[in-house]
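Colleague: Could you walk me through how you read a structure like this one? I would like the general idea each time, and then the case at hand.

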Amino acid sequence: MKNVLVVHYSQSGQLSDVVSAILRPLEDAGIRVHQEVLRPQTPFPFPWPFFRFLDAFPESVRLDPRPNLPLTVAPDASFDLVILAWQVWYLSPSQPVTAFLQSDEGKRLLAGKPVVSVVACRNMWMTAYDKLVTLLGAAGARLTDHVAFTDNANPLATFITTPRWMFTGRRDRFLGLPAAGVTPTETAAAARFGHALVTALARDEERSGAPMLTGLRAVSVNPRLVVSERAGQRAFRVWSGFVRLFGKPGQLRRVPALALFVTYLIVLIITVVPLSLVLQRSFAPLLRNRLDALRARYEQPSGSGNARMTEHD
């Protein structure tokens, strides 16, 4: 019987719902599943108070997270497969996931193990994924698959609906805009990945290092967002360093620096991001090769193909 470790952390519950849908076929098939819900020593609230949300920015970007409480899994436990489900904070993996990947406990559990990455977020996950891949490599893990669940609404609409959800806890339709987050239909359809993993584990495919979730529309990449993300990441590096000059997380003297940052962020969202997308669309013929290369890169390893959708529907 195969043993699967599932590591995840979710504030709103969206990611937990996705994980539950993926795990249900594994549990029904009798596969042993240990769920490790990460627990920060100082819990992060949800909904976010505004400045506490901003205060998480510098350390998230710098991969300098608050520590987690000890894991519940036995120190000498061994697993055939690890499913790592994570969120995106400021174009980086969330602090609890980063803390796990950097910890001695996490590295011991991940060393030499095949890992399936599962992210649920608004739409910009590529820069955070690069960081996650680096952290997994440093832990000695083997990334076999990556699955991304995103909000499929118009990006301009999500600039309103996602913050509303974060700061109020409400994700319902608002001012004619769609509900925030991954749709219930997409969440339920996540079960196809669980069915595919059941088949793969029965065939020992996790040992091969090859992806197990191809043909299931695991990712959908908008390469134009990659360009915007990279520009944002460069700015985030500068601003995170600036804010950290004013003190440690939770200190009031950080507030003026964070106020300057959020002013910059609002201006960026209103002006630079739309302008960047317009310019990319205008010069699309000249950028086609670069954008195609970015799409191909971030579709790996599991891909956007759908050839096996009916097989594991």
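Modeller: Happily; let's begin with Leu175, which is exposed, with a relative accessible area of 73%. Here buried means under 20% relative accessible area, exposed over 50%, and partly exposed in between, with a 1.4 Å probe and protein chains only. This is a predicted model, so local features need pLDDT of at least 70 and side-chain atom pairs count only at pLDDT 80 or more, while totals for chains, interfaces and linings use all residues. Residues are numbered from 1 along each chain as its sequence is written, and side-chain values use heavy atoms, with hydrogens and water left out.

Colleague: Where does Leu175 lie, and what is its phi?

Modeller: As a general idea, most residues other than glycine have a negative phi, and most peptide bonds are trans. Leu175 lies in the loop between α7 (155-168) and α8, and its phi is positive, near 50°. Helices (H or I, at least four residues) and strands (E, at least two) are DSSP runs, numbered from the N terminus. Leu63 has a positive phi too, about 55°, although it is not a glycine. Leu63 sits in the loop between α3 (57-61) and β3, and at 24% relative accessibility it counts as partly exposed.

Colleague: Which residues are joined by cis peptide bonds?

Modeller: Phe46 and Pro47 are joined by one, with omega about -5°; Pro47 is in the loop between β2 (32-37) and α2 (50-55). Another joins Gln300 and Pro301, with omega about 0°, and Pro301 falls in the segment after α12 (284-299).

Colleague: Let's step back to the whole chain. How many helices and strands are there?

Modeller: There are 12 helices and seven strands. For overall shape, I use the radius of gyration, taken over C-alpha atoms; the globule rule is 2.2 Å times the number of residues to the power 0.38. With 313 residues, a compact globule would come out near 20 Å, and the protein has 19 Å, which agrees. The C-alpha trace spans about 55 × 45 × 35 Å along its principal axes, and 50% of the residues count as buried.

Colleague: Is β3 enclosed by the rest of the structure or open to solvent?

Modeller: Six of its six residues are buried, so β3 is largely enclosed by the rest of the structure. Leu81, Ile83 and Ala85 cover one side, and Val82, Leu84 and Trp86 the other; all are buried. For strand partners, two strands pair if DSSP finds at least two bridges between them. β3 runs parallel to β1, joined by five bridges, and parallel to β6, again with five bridges. Val82 stands opposite Leu5 on the β1 side and opposite Val115 in β6.

Colleague: How about a helix? What span should α9 have?

Modeller: The expected span is 1.5 Å times one less than the number of residues. For the 12 residues of α9 (191-202) that gives 16 Å, and the end C-alpha atoms are 17 Å apart, which agrees. On burial, an α-helix has 3.6 residues a turn, so residues three or four places apart point the same way. The buried residues of α9 include Phe193, Ala196, Leu197, Ala200 and Leu201. Contact means heavy atoms within 4.5 Å, and what covers the buried residues of α9 includes β1 (3-8), α1 (14-28), β3 (81-86) and β6 (114-121).

Colleague: And how many salt bridges are there?

Modeller: A salt bridge is a side-chain nitrogen of Lys or Arg within 4 Å of a carboxyl oxygen of Asp or Glu, and by this rule there are 14. In one of them, Lys2 pairs with Glu206, the closest N and O atoms being 2.8 Å apart. Lys2 lies in the segment before β1 and Glu206 in the loop between α9 and α10 (223-244), so the pair ties together parts that are 204 residues apart in sequence. Lys2 counts as buried at 15% relative accessibility, and Glu206 does at 2%.

Colleague: Which residues are linked in a network of salt bridges?

Modeller: Asp55, Glu59, Asp64, Arg244 and Arg254 are. Asp172 is worth a look too: it bridges to Arg164 at 3.2 Å and to Arg170 at 3.3 Å. Arg164 counts as buried, at 13%, whereas Arg170 is partly exposed, at 47%.
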